[in-house]
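Open the model in your viewer and follow the stops below. Each one says what to select and what to look for.

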Amino acid sequence: MLRLELRGEMSQPMVYLSPIFAVILTFIAGIVMFTFLGVDPVKAIITFFITPLNSLDGLAELFVKATPLVLIAVGLSFGFQANIWNIGAEGQLTIGALAGGGVALLFFNVDTPFLMPAMLVSGVLGGMAWAAIPAILKTKCGTNEILTSLMLTYVGLLVLSYLIHGPWKDPDGQNFPESRLFHDAAIIPIILDETRLHLGWIIALFGVAVAWVIMTRHMIGFQIRVIGLAPMAARFAGFKEKHIIWMTLMISGGAAGLAGTIEVSGPVGQIIPVISPGYGFTAIIVAFLGRLHPVGCLFAGLLMALTYLGGDNAQIEMNLPNAVTGVFQGMLLFFLLACDVLVRYRFRIGRLTKVADGANL
Amino acid sequence: MTDQIPRLELEGISKAYPGVIANENVSLKIMPGEIHALLGENGAGKSTLVKFIYGVQTADSGSFKWEGQEFAVANPSMARKLGIGMVFQHFSLFDALSVEENIAIGISPELAGDNLSQQIRDVSRQYGLPLDPDRFVHTLSVGERQRIEVVRCLLQNPKLLIMDEPTSVLTPQEVAELFKTLRRLSEEGVSILYISHKLQEIKDLCHVATIMRMGRVVDSCIPSEESPLSMAEMMMGVNLVSPEKPEKSAHGDPHLVVKNLSLQSDHQHGVDLKNINLEVCKGEVVGIAGIAGNGQIEVMEILTGEVLVEDPNSVLIGEICVGCEGPKFRRNAGLGFVPEERLGHGAVPEMSLWENAFLSGFQTMRLVSRGFIDVQKSIKYALSIVSKFNVKTPGIKHAANSLSGGNLQKFIFGREILQNPEVIVALQPTWGVDAGSAAFIRQSLMDLAAKGAAVLVISQDLHELFEVSDRIAVIYEGTVSSPRPAEDITVEEIGLLMAGISSEVELGLTADA
């Protein structure tokens, strides 16, 4: 008989092995799913996970897609460690994109090297402003940030929709709901010729490094970890919960806003009705898959980016529905949560183990 | 009595948890009508054994004989059918229901018939346990609540009654009442398994004692022929030295002052504090006695700054008004504090020892430079705590929850004391701590006072308070009596104060005389 037994203490190897198990199980489940769909599973897996990576262009695309995921996930993991659940990164990304893109449109055709940094700063501030609403509501009225941040995502998308259907609509755009195409000074520089790989990837890597240092060596990270692990101990130390709520929501909102600006000034190049294919939500999975650790988020972000690319590829080459991407992302999170049980429990085969047989013989 | 069949006979009980052997080859024999003490430090394996007897847990091996017959008790309801009743340390009662309703919930349906209320009255009269079946539980004192649990057991005519730390929540007077009941039950042939740390009680009450240490039965004795000290030594396996009060000069000026402090609690079950006045001088230890839940936690939170008051003047450290300042400010003003809960309040369980040293020491020990943690300095600080306070640990990179209660408490005390506080406040400093560590901690509190610090100890343990304190006050329902010198106050007087019977009456009488 197979049964679960509580471990004496948390298994450190399992903390890192669990995501790997989850990936393997996702592969296996994927093969089963493709078989039932009547598709050659080997070909499907190759098309999904291998083909996108066998060209320089493909690799560059992987980094392009991973950029927003990594940035947002790293930001979110600060909040998640402190048990502050910002679910509205998608909304903060949207408002950040509008704030950054707004600067580009405001200074349309102004050619200055200061424009790009101004856009990025504005994007960060935009994301922070949107995250400030749940922060105020939580600290002043005790509302649940999960609900407020999530609902504000839909408000953010409506703001985007209003602007590109009205004031920010391209005057020469034949009435399409899109802004003007940004001029060159408002486009983020490409760092690898012949590809779309842009400076944003470097910013994301830099973000990972900064987050790692803050999390492990800075007072901010220490306070966040303490409040997440033992809220009473945080009170004992004199760390103020309200400060930490603000800090984490500003970090995650700012990172999402930055990712939004990078998206509109990079791969997209204008403000369009759909800026992100759900990066803000996918980043939640990335954060957990990456164990709320900045470097973990980097790898998890790359893996998730691959599911986007694979989905596109499978759609083009094998006529598979795009929903396959969502299925893979969902399965990955599902298996991760299931494998996480092994961090605290272990499998035992057989009945209760006898320790000592004696008196009753 | 020797030819009688034992009521309960356990042989060779073993139980292992992952990484710990809780019981190893434990044998126990309880005769009818015997009050049998189970003695041991925390973690000695008493709870595991009791859980097995009451069917809450299975053992890995061993035999269970009830009146000579072998049984396997699979669950508590089977244990109750055999005639085993248990009064837990933590009551499971519903505040919003009446006494009768609470009892009806916990017993078999056949018993909970129409005449339950009459039965409760009968049993409570018969055993001197006054209890009104129609009262609501939230209106009852802790002692009365315990009576509900006892009556609930007695209604089922138990042959063996297990009592887990029954007196930890009672006043000395209530303890005396309970003992009368237990003796009477014993005369009627009911066996009682009595679990406690309180050695004097065991000496007064119990016929036989079985002593456990580290999961094994190490000794047994007739408590009436032993002294509390000799039993403590058997329990710990060492010779005990009681702490010495250092010689000290006259006390200095008041250094921790609480003035006219009142605060309405915002917790549902919190205690409102009413007009508390208290002064702790440099170089003295003041103890506050009281039964848990009379405002100790609330007072502690206000002293540490985890809860702020409106009037900054109501709490002073030296000349500094700190009523509106948080814990960080107060630490800089020279306050050190040790909360009741070690894991999760005084320390972060999952964090390493050096990070836990950093937790409260980062300001006063200057462990932060430009917002960054100075890891080397923090590690050095943690190492000095471990060596000076005799903390047994495989290393300071191990998590706080890998330490035993006593070692972690020594670490926490060391962390506060090495910051050279001028004032230290400790709530239940030795709760759940092994006797060796407890003695060490008490000694270090007295040493700190001898060096000129003002020390306030809030505790339920009267022996501890008499041992360390220069003056003792009592907290009852949010009011604190004025402290009196430990030499001039007796346990009986404290008991009365703890039960809310004001000594003003007596004082008035003596004044008249």
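Which residues in H11(A) meet which residues in H13(A)? Keep in mind that this is a predicted model. Select Thr282(A), Ile285(A), Phe288(A) and Leu289(A) in H11(A). Then add Gln329(A), Leu332(A), Leu333(A) and Leu336(A) in H13(A), which they meet. By class, this contact has 6 nonpolar, 2 polar and no charged residues.

Now show the two helices whole. H11 of chain A covers residues 279-289, and H13 of chain A covers residues 323-344. They pack at an angle of about 35 degrees. Their axes are 10 Å apart. Look at the sense of the crossing: H11(A) and H13(A) cross left-handed.

**Between the chains**

Stay on chain A, but bring chain B into view. The contact takes 25 residues from chain A and 31 residues from chain B. Select strand E1 (2-6), helix H8 (219-229) and helix H9 (231-237) of chain A. Each supplies at least two residues of the side of chain A that touches chain B. Which element gives the most to that side? H9(A) does, with 5 residues. Colour this side of chain A by class, and it divides into 14 nonpolar, 5 polar and 6 charged residues.

**The two domains of chain B**

Hide chain A. Colour residues 8-236 of chain B as domain 1 and residues 254-512 as domain 2. The C-alpha centres of these two domains of chain B lie 33 Å apart. Where they touch, domain 1 of chain B puts in 9 residues and domain 2 puts in 12 residues. Pick out helix H6 (172-187) and helix H8 (228-236) of chain B. Each supplies at least two residues of the side of domain 1 that touches domain 2. That side of domain 1 of chain B has 5 nonpolar residues, 3 polar and 1 charged.

**A six-stranded sheet in chain B**

Select E6, E7, E8, E3, E9 and E10 of chain B, in that order. They form an open sheet of 6 strands with mixed pairing. Which strands are at the edges? They are strand E6 (84-87) and E10 of chain B, and each pairs on one side only. Neighbouring strands of this sheet are turned by 20 degrees against each other on average, direction ignored.

Zoom in on E3 (residues 35-39) of chain B. E3(B) runs parallel to E9(B), and 4 bridges join them. Label Leu39(B) and find its bridge partner in E9(B), Ile211(B).

Now add the helices on the sheet. Helix H1 (residues 46-53) of chain B packs there, touching E3, E6, strand E7 (160-164), strand E8 (191-196) and E9 of chain B. The direction of H1(B) makes about 150 degrees with that of E7(B). H6(B) also packs on the sheet, touching E3, E7 and E8 of chain B. The direction of H6(B) makes about 145 degrees with that of E8(B).

Move to E9 (residues 208-213) and E10 (residues 216-221) of chain B. These strands pair in the antiparallel sense over 5 bridges. Arg213(B) has Arg216(B) in E10(B) as its bridge partner. E9(B) and E10(B) form a hairpin with 2 residues between them. What is the phi of Met214(B) in the turn? Met214(B) has a positive phi of about 50 degrees.

**A four-stranded sheet in chain B**

Next, select E12, E11, E14 and E15 of chain B. In that order, these 4 strands form an open sheet with antiparallel pairing. Strand E12 (273-281) and strand E15 (320-321) of chain B stand at the edges with a single partner strand each, so one side of each has no neighbour in the sheet. Strand E14 (residues 315-317) of chain B pairs with E15(B) over 2 bridges. Label Leu316(B) to see Cys321(B) of E15(B) opposite.

**Last stop: a helix pair in chain B**

Select H11 (residues 353-361) and H13 (residues 405-417) of chain B. Their axes are 9 Å apart, and they pack at an angle of about 40 degrees. That makes H11(B) oblique to H13(B). H11(B) passes H13(B) in a right-handed crossing. Show the side chains of Leu353(B), Ala357(B), Ser360(B) and Gly361(B) from H11(B), together with Phe411(B), Arg415(B) and Glu416(B) from H13(B): these residues make the contact. By class, they are 3 nonpolar, 2 polar and 2 charged.

Terms used: Residues are numbered from 1 along each chain as its sequence is written. Chains are lettered from A and ligands numbered from 1 in the order in which they are written. This is a predicted model: local features need pLDDT of at least 70, side-chain atom pairs count only at pLDDT 80 or more; totals for chains, interfaces and linings use all residues. Axes are lines fitted to C-alpha atoms, for helices over the stretch in contact, and angles run from 0 to 180 degrees between N-to-C directions. Angles under 35 degrees count as roughly parallel, over 145 as roughly antiparallel, 65 to 115 as roughly perpendicular and the rest as oblique. A crossing is left-handed if the near helix is turned anticlockwise from the far one by less than a right angle, and right-handed if clockwise. Two residues are in contact if their C-beta atoms, placed from the backbone, lie within 7 Å. Ala, Val, Leu, Ile, Met, Phe, Trp, Tyr, Cys and Pro count as nonpolar, Asp, Glu, Lys and Arg as charged, and the others, Gly among them, as polar. Domain bounds come from an automatic or database domain assignment. Two strands pair if DSSP finds at least two bridges between them.
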